[in-house]
Amino acid sequence: MSYKLPSEADEWVQEYMKKLNESDQYTHAGEGWGVGFNGDFLFEIEPDGTYDGEPVYMYLELKDGGCLDAFVTTDPESEDYGFAFRGGYEKWKQLTNGEIDPVEGMMDGTFDLDGDMQKVMQYSQAAIVMTETAGQVDTEFEY
């Protein structure tokens, strides 16, 4: 089944959670993530020249190589996340399609990261596996 972004973001993020939890690679690469610190992520897809709608906020509760919850929120400030990863719609599309490396995207300013960059670098393999896993979700980009 194909999921449309942004209109089916909630269904998309549920499928993403399922695929993360089925991934032995993610279980291994994310081992220890969120243990002793808040490892939850807010992903923000921002409007850009391609997409002029409202921002899309996806919340992922990540801990020790697992995704415990995932959902779309309309009020990101009400969520208790430790990290936020933000970028324009076209950049998210490129990231999901494997055209942008997630770590390079954070380092070169393609994406904005709020949170402990050192922690993210320590778990850079988990970030790469998460991006590859997002690419496994059958996604139809609407813009």
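## Helix packing and sheet layout in a predicted model

The side chains of Glu15 and Lys19 are joined by a salt bridge, with 3.6 Å from N to O. The two residues are 4 apart in helix α1, so about one helical turn separates Glu15 from Lys19. In total, the count of salt bridges comes to 3. The structure is a predicted model, and the values below are computed from it.

Helix α1 covers residues 9-22 and packs against helix α6, residues 124-134. The axes of α1 and α6 are 9 Å apart and make an angle of about 125°. An angle that is neither under 35 degrees, nor over 145, nor from 65 to 115 counts as oblique, and α1 and α6 are therefore oblique to each other. Their crossing is right-handed. On the α1 side the contact is made by Trp12, Tyr16, Lys19 and Leu20, and on the α6 side by Met130, Thr131, Thr133 and Ala134. By class, the residues of this contact are 5 nonpolar, 2 polar and 1 charged. Lys19 thus appears twice in this description: in the salt bridge with Glu15 and in the contact of α1 with α6.

The sheet is open and has 5 strands in the order β4-β3-β2-β5-β6, with mixed pairing. Its edge strands are β4 and β6, the latter formed by residues 112-114, and each of them pairs on one side only. From one strand to the next the twist averages 15°. Helix α1 packs on this sheet and touches β2 (41-46), β3 and β4. The direction of α1 makes about 175° with that of β4.

Two of the strand pairings are set out below.

| Strands | Direction | Bridges | Facing residues |
|---|---|---|---|
| β3 (residues 56-63) and β4 (residues 66-73) | antiparallel | 7 bridges | Leu60 and Ala70 |
| β5 (residues 83-88) and β6 (112-114) | antiparallel | 3 bridges | Phe85 and Leu113 |

Strands β3 and β4 form a hairpin with 2 residues between them. Asp64 belongs to the loop between β3 and β4. This residue has a positive phi of about 50°, although it is not a glycine. Within the hairpin, Leu60 has Ala70 of β4 as its bridge partner. At the other edge of the sheet, strand β6 places Leu113 opposite Phe85.

A further backbone feature lies before helix α1. The peptide bond from Leu5 to Pro6 is cis, and its omega is near 15°. Pro6 is in the loop that runs between β1 (3-5) and α1.

Helix α1 thus takes part in several of the features described. It holds the salt-bridged residues Glu15 and Lys19, packs at about 125° to α6, and touches three named strands of the sheet, β2, β3 and β4.

Terms used: Residues are numbered from 1 along each chain as its sequence is written. This is a predicted model: local features need pLDDT of at least 70, side-chain atom pairs count only at pLDDT 80 or more; totals for chains, interfaces and linings use all residues. Side-chain values use heavy atoms; hydrogens and water are left out. Axes are lines fitted to C-alpha atoms, for helices over the stretch in contact, and angles run from 0 to 180 degrees between N-to-C directions. A crossing is left-handed if the near helix is turned anticlockwise from the far one by less than a right angle, and right-handed if clockwise. Contact means heavy atoms within 4.5 Å. Ala, Val, Leu, Ile, Met, Phe, Trp, Tyr, Cys and Pro count as nonpolar, Asp, Glu, Lys and Arg as charged, and the others, Gly among them, as polar. Two strands pair if DSSP finds at least two bridges between them. A salt bridge is a side-chain nitrogen of Lys or Arg within 4 Å of a carboxyl oxygen of Asp or Glu.
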